[in-house]
Amino acid sequence: MSMKRKLILPIDRGSPLPIYYQLKEALKQQIESGALKPHDRMPSERELEEAYHISRMTARRALAELEAEGYIYRVQGKGSFVAEPKVRQGLLWLTSFTEDMRGRGMRAGAKVLRAEVVKDERVARRLGLDPAEEFVMLQRLRLADGKPMALETSYLRRHFCPGLEKYDFTDRSLYRTLQEEYGLRLGRAEQTVEAKVADEFEAELLGVKPGTPMLSMERITYLDDGQTPIEFVRSVYRGDRYKLYVELKRR
Ligand code: GLP
């Protein structure tokens, strides 16, 4: 069904807010309220232009920003469609990607890019270790139901998990392997989150345009004594597929 007849969005020409922005926010609201459902076709630039008597540029800009923010996706030659809602990631528990995805009914997977023994002074320093410390470095493109979600580079202290690089992590959880094969129990982690844009390498792997907003995270994971660092991870999550969730209590 054409969206043109269905959508009557409020555009206020007297408002100081730019028209493209009003249109974008109104479309966003339609998506968030469920009036437009995942995979529904969005109105085309031309339909928006005609329905609202706006310029093609204005319509294009509203759609381009919705795409950049992950609300819609485009299919060459077919138009724009409503994207699936973002994955909401809680920040309270020390969970693995596999657990996170399973909790949402999705299947976790990976494309293993690197699995090797390395020394890395900067990582060692971050963990407060001797610069000569050896790590198993595991670089994976993380997939949910086969779709790229994140690029994750983990450094595990080798002497706690010798031979870890030999496992095939395509369909295997790292945390589960640490626990079941090496008897390591994870206790807690410290994690930071920053905004960044995808560089060319990340963009290509994750299937987004360079410059797409990303969530860049670093995690240091400790064993269950709470003080022995075991893992340092740098992750880049697709900002258009992921949002973070924290519950805050008033003091
Ligand atoms: C999350 C964390 C990583 C951790 C990974 C383990 O993605 N951000 O720090 O290494 O989970 O995931 P899995 O056990 O699925 O390999």
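Is Arg 61 buried, partly exposed or exposed? Select Arg 61 and see: the residue is partly exposed, with a relative accessible area of 44%. Keep in mind that this is a predicted model. We will come back to Arg 61 later in the tour.

**The whole chain**

Zoom out first. Show the chain as a cartoon. You should find 8 helices and 10 strands. The C-alpha atoms fill a box of roughly 65 × 45 × 30 Å along the principal axes. Of the 251 residues, 44% count as buried.

Now colour by domain. Give residues 3-82 one colour for domain 1, and residues 87-245 another for domain 2. The centres of the two domains, taken over C-alpha atoms, are 36 Å apart.

**The ligand**

Select the ligand next. Around the ligand there are 14 residues. Show Thr 98, Arg 140, Ser 173, Leu 174 and Glu 231, which come nearest. By class, the shell holds 5 nonpolar, 4 polar and 5 charged residues.

Which elements each supply at least two residues of this shell? Highlight these in turn:

- helix H5, residues 97-102
- strand S5, residues 134-144
- strand S6, residues 147-157
- helix H7, residues 174-182
- strand S9, residues 229-238

Pause on S9. This strand gives the most to the shell, with 3 residues.

Now look at oxygen atoms of the ligand. Pick Glu 152: an N or O atom in its side chain is 2.7 Å from a ligand oxygen. Move to Phe 97. Here a backbone N or O atom lies 2.9 Å from an oxygen of the ligand. Then take Arg 142, where a polar side-chain atom lies 3.2 Å from a ligand oxygen. Switch on a surface to see how much of the ligand is hidden. On its own the ligand has 400 Å² of accessible area, and the protein covers 98% of that.

**Salt bridges**

Side chains of opposite charge can pair when their charged atoms come close. The count here comes to 27 salt bridges. Three stops follow.

Start with Arg 74 and Glu 45. Their side chains meet in a salt bridge, 4.0 Å from N to O. The pair links distant parts of the chain, 29 residues apart. Arg 74 sits in strand S1 (residues 72-75), and Glu 45 in helix H3 (residues 45-52). Check how covered each partner is. Arg 74 has 35% relative accessibility, so it counts as partly exposed. Glu 45 has 16%, so it counts as buried.

Go to Glu 218 and Arg 234. The closest N and O atoms of this salt bridge are 3.7 Å apart. Again the pair links distant parts of the chain: Glu 218 is in strand S8 (residues 213-223) and Arg 234 in strand S9, 16 residues apart. Arg 234 counts as partly exposed because its relative accessibility is 30%.

Return to Arg 61. Add Glu 65 to the selection. Their side chains meet in a salt bridge, 3.7 Å from N to O. How many residues apart are they in helix H4? They are 4 apart within residues 56-68, so about one helical turn separates them. Glu 65, at 22% relative accessibility, counts as partly exposed.

Widen the selection for the last stop. Add Lys 24, Glu 25, Lys 28 and Glu 69. Together with Arg 61 and Glu 65, these residues are linked in a network of salt bridges.

Key
Residues numbered from 1 in each chain as written. Predicted model: local features only at pLDDT ≥ 70, side-chain atom pairs only at ≥ 80, totals over all residues. Heavy atoms only, no water. Domains from an automatic or database assignment. Near = heavy atom within 4 Å. Polar contact = N/O pair within 3.5 Å; in protein donor to acceptor, adjacent residues only side chain to side chain. Areas by Shrake-Rupley, 256 points an atom, 1.4 Å probe, with all protein chains shown as cover. Nonpolar A, V, L, I, M, F, W, Y, C, P; charged D, E, K, R; others polar. Buried < 20%, exposed > 50% of the residue type's maximum accessible area, 1.4 Å probe, protein only.
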